[in-house]
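Grab your viewer and work through a few exercises on the fold shown here. Try each task yourself before reading the solution under it.

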Amino acid sequence: MTLAGDPGGAEGAGLVSAERLARGPAAGVSGVSGEIRSKIKGIRAGHKRTWQWQMQNAVTTLEQLEEILELTPEERSGAERALAEGFSMRMTPYYIGLASKTDASCPIRRQAVPVSAEANEVPGDLTDPLGEVHHEVAPHLVQRYPDRCLLLATDRCAVYCRFCTRSRMVGEGGGAVSMAALAPAFAYLRAHPEVRDVIVSGGDPLAMGTDRIVRLVAELRSIDSLDTIRLATRVPVTLPQRITPELVRALRPHHPLWIMTHFNHPRELTPEAQVALRRLADGGFPVMNQTVLLRGINDNSGTLETLFRGLVRARVRPYYLLQMDPVRGTSHMRTPLATGLRIAGELQGRLTGIALPKFIVDTPGGKGKVPLVAENIVRRGEGVTTLRTFRGEEVDYLDPPA
Ligand code: SF4
């Protein structure tokens with residue numbers, strides 16, 4: 001996407017900063033990450049490397065992390081704990097290269113670097129908050145709704161996000177699940193034509209090799225009853241180099257394929273990410289985004305407005321704003337429900353409908369998603385409901401006569 005009047009450098013190559021992407025051609029703001037980039041030149045060089053290089057050179061040890069960031073005592077002990085007993089640590093040079101070297105409150109850093117608070121457990125914390133183990137209908141296949149299934153194809157990701165709902169299994173070391181091990185899942189889908197939609201997740205399916213992804217998608221596409229195949233992936237955020245022309249060409253014959261991605265902060269909408277999103281959109285993939293509300297990272301309407309506007313400009317539909325699941329050891333990253341309701345209300349009046357995601361709670365225990373809009377319903381009476389508009393006005397909505 002080249003914008004009129006772009007300066008040189010990355011923007012001159014047709015790539016724009018997240019804020020600029022969000023504000024549009026007239027805004028004329030400079031890139032957001034110049035300060036960060038100058039501090040981490042060594043890691044920054046990794047931006048130009050291939051996705052395979054990024055995967056092979058992922059940061060997985062405390063020593064590597066100490067070379068890149070000035071860690072706080074909480075981060076150092078969090079990393080030690082994660083490596084010894086907790087949810088593994090892993091980040092691509094590209095993604096951690098977006099982080100501030102010195103500021104532990106940096107939104108990139110907080111999503112990727114473990115902290116000691118991960119040892120805390122609070123009432124309501126769950127290892128498997130969506131009850132996926134309980135809802136497994138075949139090995140690696142979860143069914144929580146009559147028409148949809150979730151296929152867990154790998155335990156590997158480019159980055160292990162500290163808020164991950166599947167921290168119970170991600171990064172265990174198994175890698176891509178073999179096609180033979182997935183055979184019972186394919187058999188279940190063939191035997192249950194009421195399932196119309198499969199979400200391929202993990203782990204991150206696009207962290208697998210291209211041949212492996214294509215074999216999996218081709219097998220799913222051969223099941224006539226499936227209308228929709230969705231690839232749930234965070235690589236446009238954490239490893240955008242993975243979205244190569246070769247990958248797009250290999251997947252295109254299997255359309256319709258939907259991409260469900262996961263941008264949480266405008267700083268993630270880098271020039272590299274924009275190239276990846278452009279390739280996907282040009283390749284005919286509808287791209288939808290699910291943002292998780294994260295305390296101190298994106299829990300204000302200004303940050304989210306910038307993110308959602310930027311996504312729409314990159315031809316990505318903001319689909320869900322998710323209340324964070326109560327994953328064990330993540331209470332320091334969760335917001336109260338009231339925060340999300342307030343933010344959703346503030347965004348309602350500011351954003352066009354295509355930039356406005358639904359605010360969703362995925363209820364604990366795998367009982368399903370609930371869209372939260374209750375604050376807009378002031379009262380309900382016989383044949384009349386009073387709604388609150390984004391301007392705060394109360395308006396009666398009359399039901400038709402019975
Ligand atoms: S990419 Fe997805 S599955 Fe992997 S750690 Fe992040 S949130 Fe979890």
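Below are four exercises on this predicted model, each with a worked solution.

**Exercise 1.** Work out whether Glu118 is buried or exposed, and find what surrounds it.

*Solution.* Start by locating the residue: Glu118 sits in the loop that links helix H9 (107-112) to strand S1 (136-138). Next, count C-beta atoms around it. There are 24 C-beta neighbours inside 10 Å of Glu118, and the cut-off for buried is 20 or more, so Glu118 counts as buried. Now list the contacts, skipping residues up to four places away in sequence: Gly78, Arg81, Ala82, Gly86 and Gly329. Finally, try a distance to Phe87. That residue is 31 positions from Glu118 in sequence, yet the C-alpha to C-alpha distance is 9.0 Å.

**Exercise 2.** Trace the strand order of the 10-stranded open sheet and say why S1 and S10 each have one side without a neighbour.

*Solution.* Walking across the sheet, you get S1-S2-S3-S4-S5-S6-S7-S8-S9-S10, and the pairing is mixed. Then look at the ends. S1 and strand S10 (368-371) are the edge strands with a single partner each, so one side of each has no neighbour in the sheet. For the twist, go from one strand to the next: the average is 30 degrees.

**Exercise 3.** Determine in which sense S2 and S3 pair, and find which helix packs on the sheet against S1, S2, S3 and S4.

*Solution.* Take strand S2 (residues 141-145) and strand S3 (residues 148-152): three bridges connect them, and the pairing is antiparallel. For a concrete bridge, pick Val142, whose partner in S3 is Leu150. Now for the helix. H10 (residues 179-191) touches S1, S2, S3 and strand S4 (197-201), and its direction is at about 95 degrees to that of S1.

**Exercise 4.** Build up the surroundings of S5: which helix packs on the sheet there, which strands pair with S5, and how many of its residues are buried?

*Solution.* Begin with the helix: H11 (residues 210-221) packs on the sheet and touches S4, strand S5 (228-232) and strand S6 (257-261). The direction of H11 makes about 155 degrees with that of S5. Next, go to the S4 side. S4 and S5 run parallel, joined by four bridges, with Ile199 opposite Arg230 in S5. Put S4, H11 and S5 together and you have a right-handed β-α-β unit. Then switch to S6: its pairing with S5 is parallel too, over four bridges, and Ile229 faces Leu257 of S6. Last comes the burial count: four of the five residues in S5 are buried, which makes this strand mostly covered.

Methods
Residues numbered from 1 in each chain as written. Predicted model: local features only at pLDDT ≥ 70, side-chain atom pairs only at ≥ 80, totals over all residues. Helix = DSSP H or I, 4+ residues; strand = E, 2+ residues; numbered from the N terminus. Buried ≥ 20, exposed ≤ 12 C-beta atoms within 10 Å, placed from the backbone. Contact = placed C-beta atoms within 7 Å. Pairing = 2+ DSSP bridges. Axes fitted to C-alpha atoms, helices over the stretch in contact; angles between N-to-C directions. Right-handed = clockwise from strand over helix to strand, strands pointing away.
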